[in-house]
Amino acid sequence: PPPADWEERHSNSRGVPYYFNRTTRQSVWERPTPSTSASSTITIGAPQKVRASHLLVKHAESRRPSSWKSPTITRSKEEARKIITGFRKRIVSGETDLPTLAKTESDCSSAQQGGDFGFFGPKQMQKAFEDATYALQVGELSGVVDSDSGLHLILRTA
Ligand SMILES: N=C(N)NCCC[C@H](NC(=O)[C@@H]1CCC/C1=C\[C@H](COP(=O)(O)O)NC(=O)[C@@H](N)Cc1ccccc1)C(N)=O
């Protein structure tokens, strides 16, 4: 069997096995040996980096209850949930879209770019945010995602 934390997977496109490392999220064609290290392997087209836009509604329990919109954010988490659920309904109904709403409503400094904060890879964002984004298809809008920063709506864009 391949060394620890490597798992054998099957590449449908090529009809051959490949190997995925759960820790580094590297994918390689050749069967890894104990000497296989992250630097010595080339990564096949696994989605290492993703891009997303988000709308953040902070609340009193946020790790930093302050934003460009308001120096001190005092709304309760439940109040924030009502607000962000309302935003999600308006996006899903087609009345508006996430980038437009994020510009005026997001408590994140990425608001001025319509919530876009570019590409990111594993281990860069808070776990809840990373897992939610990686679970989305490109173009898909998340449900309400709860992180230490507050409540998010995430739109995966690449
Ligand atoms: N471009 C990056 N890689 N920046 C570092 C990400 C750090 C990362 N951030 C998060 O996981 C959450 C989820 C999305 C936004 C975010 C937090 C906060 C808001 O929450 P607060 O920290 O007040 O609690 N916004 C940011 O970080 C901003 N730089 C996002 C951004 C803004 C403008 C341009 C580009 C990116 C973390 N490990 O904490």
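The exercises below, each with a worked solution, deal with a predicted model.

**Exercise 1. Sheet layout**

Task: Work out the strand order of the open sheet of 3 strands, and state which strands are its edges.

Solution:
- Start with the order, which is E1-E2-E3, with antiparallel pairing.
- Next, find the strands that pair on one side only: these are E1 (6-11) and E3 (27-28).
- Now take the pairing of strand E2 (residues 16-21) with E3, which is antiparallel and runs over 2 bridges.
- For a residue pair, look at Phe20: Ser27 in E3 stands opposite.

**Exercise 2. Ligand surroundings**

Task: Describe the shell around the ligand and find which polar atoms of the protein the ligand meets.

Solution:
- Begin with the 16 residues around the ligand; those that come nearest are Lys58, Arg63, Arg64, Gln126 and Ser149.
- Sort the shell by class: 5 residues are nonpolar, 8 polar and 3 charged.
- Then check the oxygen contacts. One ligand oxygen atom is 2.8 Å from an N or O atom in the Arg64 side chain. A polar backbone atom of Gln126 is 2.9 Å from an oxygen atom of the ligand.
- Turn to nitrogen: a ligand nitrogen atom lies 2.9 Å from a polar backbone atom of Gln124.
- Finish with area. The ligand taken alone exposes 750 Å², and the protein buries 71% of that.

**Exercise 3. A loop residue**

Task: Locate Ser35 and decide whether Ser35 is buried or exposed.

Solution:
- Ser35 sits in the loop between E3 and strand E4 (50-57).
- Its relative accessibility is 62%, and the cut-off for exposed is over 50%, so Ser35 counts as exposed.
- For distance, use Lys58, 23 residues from Ser35 along the chain: the two C-alpha atoms are separated by 46 Å.

**Exercise 4. Salt bridges**

Task: From the salt bridges in the whole structure, explain what the Lys69 and Glu105 pair ties together, then trace the network around Lys127.

Solution:
- The whole structure holds 14 salt bridges.
- In the one between Lys69 and Glu105, the closest N and O atoms are 3.9 Å apart.
- Lys69 is in the loop between E4 and helix H1 (77-92) and Glu105 is in helix H2 (residues 98-105), so the pair ties together parts 36 residues apart in sequence.
- Lys69, at 34% relative accessibility, is partly exposed. Glu105, at 27%, is partly exposed.
- Move to Lys127 and Glu130, whose side chains meet at 4.0 Å, N to O. These residues are 3 apart in helix H3 (residues 127-135), about one helical turn.
- Glu130 is buried, with a relative accessible area of 2%.
- Lys127 also bridges to Asp131, with the closest N and O atoms 2.7 Å apart.
- Shared partners join Arg25, Lys127, Glu130 and Asp131 into one network.

Conventions: Residues are numbered from 1 along each chain as its sequence is written. This is a predicted model: local features need pLDDT of at least 70, side-chain atom pairs count only at pLDDT 80 or more; totals for chains, interfaces and linings use all residues. Side-chain values use heavy atoms; hydrogens and water are left out. Two strands pair if DSSP finds at least two bridges between them. Helices (H or I, at least four residues) and strands (E, at least two) are DSSP runs, numbered from the N terminus. A residue is near a molecule or strand if one of its heavy atoms lies within 4 Å of it. A polar contact is a pair of N or O atoms within 3.5 Å; within protein, one must be able to donate a hydrogen and the other to accept it, and residues adjacent in sequence count only if both atoms are side-chain atoms. Accessible areas come from the Shrake-Rupley method with a 1.4 Å probe; for residues, only the protein chains shown count as cover. Ala, Val, Leu, Ile, Met, Phe, Trp, Tyr, Cys and Pro count as nonpolar, Asp, Glu, Lys and Arg as charged, and the others, Gly among them, as polar. Buried means under 20% relative accessible area, exposed over 50%, partly exposed in between (1.4 Å probe, protein chains only).
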